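Thanks for squeezing me in, everyone. I'll put the sequence and the model up, and then we'll walk through a few spots together.

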Amino acid sequence: MEGALHPMRLKQLLHFAAFPKLNKTHFIFRNTRSFSTTRCASPSSSPTVAGARNRRPSSSQTSTSDREAIRAIRIKKVEELRSKGLDAYAYTWKRTHAANQLQEIYMDLGNGEEAACESDRVSIAGRIVARRAFGKLAFLTLRDDSGTIQLYCEKEKLLSDQFEHLKTLVDIGDILGAEGSIKRTEKGELSVCVTSFSILTKSLLPLPDKYHGLTDIDKRYRQRYVDMIANPEVADVFRKRAKIISEIRKTVESAGFIEVETPVLQGAAGGAEARPFITYHNSLGQDLYLRIATELHLKRMLVGGFEKVYEIGRIFRNEGLSTRHNPEFTTIEMYEAYTDYESMMNMAEEIVTRSALAVNGKLIIDYQGVEISLERPWRRETMHNLVKEATGIDFAMFEDLTAAKEVALEMLNAGGDNQNKSSIEACPSVGHVLNEVFELVVEPKLLQPTFVLDYPLEVSPLAKPHRRHAGLTERFELFVCGREMANAFSELTDPLDQRERLEDQVRQHKKKNASLVSEDKNKKVDGDDDAYDVNLDEDFLTALEYGMPPASGMGIGIDRLVMLLTNSASIRDVIAFPVLKTPQV
């Protein structure tokens, strides 16, 4: 008998007179075994006396030996089920309703009333997340993908010895199928009055307990499946993510865009400046790169005759981890022929506002305590003007790089910022200085949706030169809450100009790598984000020489958009299984 393993828990007996109504988003996770008030509690069953002050230890305090003891006991229960001719891991279950469907259908059923007609017989399935019992009654809370409903289990109404099975073989975490009629208890809890049930999946490991849940952050990300069971609101984030992606597709397809797929494995990593992941193809006998952007292949589609294309895809960059960065993330990139970047500003507003309405039903949202208004139109301002507004410096007046650096450094020193001197000193052009000052000073303050327009030519190698302002490009980035949400251009279609810019980008990158090596020959190691090669995508340049129509293009970070619309502080909160360091065994 499993209770014999822990005689000290004799005082932890169950005394319940009724099953209180549970909040839909907070469930009791107790790994109870015995319902009888005369049975002792077990390692898989540590309920507390109702109203008792002493709470069981948190799951983080549960020793490995306790966990293994619980697992061993539950494996014995699997064996016992099989010895009775019952399968602990079913093939299927025919259910008639989901939990929320029953809540809606019988919302008008009065307290104490029962719908006992043949048409009111239902079949449901889900995970047991809570239970109470006294005498010949047992109350279980079943949760499925839609919500929760109570199982009202009365010994006289269950077939043969099923009530005994319920007492001895069912644990919190098990997945059950149940059949019965519908009633609402005197306390107002809609319930399935169970006439038969089956264990569909026997859980071998205990769920986190009621009071502490799963609180270890690393473990929550590493074992997301447990996180979603213990914290139902986590699963809601991923449901909203799915709804956002669906709304994005609806928005762009309603505008005539066609979804296409482009290669993840590429011979050259292009479309952005980022350190790629490198793999090796055995049959081809060559290195391949996981894509760092979908841009260059989507532009090839425009060359091929498509006029409106988009791709929602996974991007891979071998760079740092933070609350805003994950090595693999999701973007939508879209390209439209015969338009410029003005049209993409309108599209960005349309995508974000429609997504916000789809998941929140409103355009005034809260993000980490900051009220954000997504009401259109959004502010549009040039990078030059925003920097001048924040610092008083007009970088359009500078042609001399040294003078621009001196003014920028004086401004940073006056503001007490001595940590970013090196980034200013390393800038190879006035445009780079302007961009660096913008990122350091202006970007964090752009809380409300803002389109930042007309970036320097030097930091925008794929954007068309501005038609009115020399040295600038027709490019914008969208910022909300100090974070870049979108990046868009009037696309560069001149193949000779494009080649020259990309070749210059390669030269600048090689120069940066060489300076690192000259400073410290040991610095260029695999973990250094700057120490990677940048190569030309010759096939892309060849495609441009066949002729690409005038076009605009935009990329939106879907993970960051989901963060904004679900009020999630970290990108790991909106990626189901984020990249984590493999734990040491």
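**Two helix pairs, one covered helix and some odd spots**

So, straight in: L296, K299, R300 and V303 of α7 meet D539, F540, A543 and Y546 of α14, where a contact is heavy atoms within 4.5 Å. Sorted by class, that contact of α7 with α14 has five nonpolar, no polar and three charged residues. For the classes, Ala, Val, Leu, Ile, Met, Phe, Trp, Tyr, Cys and Pro count as nonpolar, Asp, Glu, Lys and Arg as charged, and the others, Gly among them, as polar.

Before I go on, the small print. This is a predicted model, so local features need pLDDT of at least 70 and side-chain atom pairs count only at pLDDT 80 or more, while totals for chains, interfaces and linings use all residues. Residues are numbered from 1 along each chain as its sequence is written, and side-chain values use heavy atoms, with hydrogens and water left out.

Back to that pair. How do the axes of α7 and α14 cross? Helix α7 is residues 295-303, helix α14 is residues 538-546, and their axes come within 9 Å and cross at roughly 25 degrees. That makes α7 roughly parallel to α14, with under 35 degrees counting as roughly parallel, over 145 as roughly antiparallel, 65 to 115 as roughly perpendicular and the rest as oblique. The axes are lines fitted to C-alpha atoms over the stretch in contact, with angles from 0 to 180 degrees between N-to-C directions. α7 passes α14 in a left-handed crossing, meaning the near helix is turned anticlockwise from the far one by less than a right angle.

Now the second pair, α9 and α12. Helix α9 (383-391) and helix α12 (430-442) have axes that come within 10 Å and cross at roughly 55 degrees. They are therefore oblique to each other, and this crossing is left-handed. On the α9 side we have M383, H384, L386, V387, A390 and T391, and they meet L434, N435, V437, F438, V441 and V442 in α12. By class, that contact has nine nonpolar, three polar and no charged residues.

While we're on α12, look at E436, which sits in that helix. Is E436 buried or exposed? It's buried, at 17% relative accessible area; buried is under 20%, exposed is over 50%, and partly exposed is in between, with a 1.4 Å probe and protein chains only. Skip the neighbours within four places in sequence, and E436 is in contact with S423, I424 and C427. S423 is 13 residues away in sequence, and the C-alpha atoms of the two are 7.4 Å apart.

Zooming out for a second: the chain has 15 helices and 19 strands. Those are DSSP runs numbered from the N terminus, H or I of at least four residues for helices and E of at least two for strands. Of the 585 residues, 50% are buried. Among contacts with a separation of 6 or more, 69% are between residues 24 or more positions apart.

Next, α3, residues 162-169. Seven of its eight residues are buried, so call this helix mostly covered. The buried ones are Q162, F163, H165, L166, K167, T168 and L169. What covers them? The cover includes α1 (64-83), β2 (122-134), β3 (137-143), β4 (148-154) and β6 (190-201).

Strand β6 also holds S196, which is buried at 12% relative accessible area. Leaving out neighbours within four places, S196 is in contact with L158, L159, Q162, G177, A178 and E179.

Last, the backbone oddities. S160 is in the loop between β4 and α3, and it has a positive phi of about 35 degrees although it isn't a glycine. At 72% relative accessibility, S160 counts as exposed. Y338 is another non-glycine with a positive phi, about 70 degrees, in the loop between β12 (328-337) and α8 (341-360). Y338 counts as exposed too, at 55%.

And where is the cis peptide bond? It runs from R376 to P377, with omega near 0 degrees, and P377 is in the loop between β14 (370-373) and β15 (379-382).

That's my tour; over to you.
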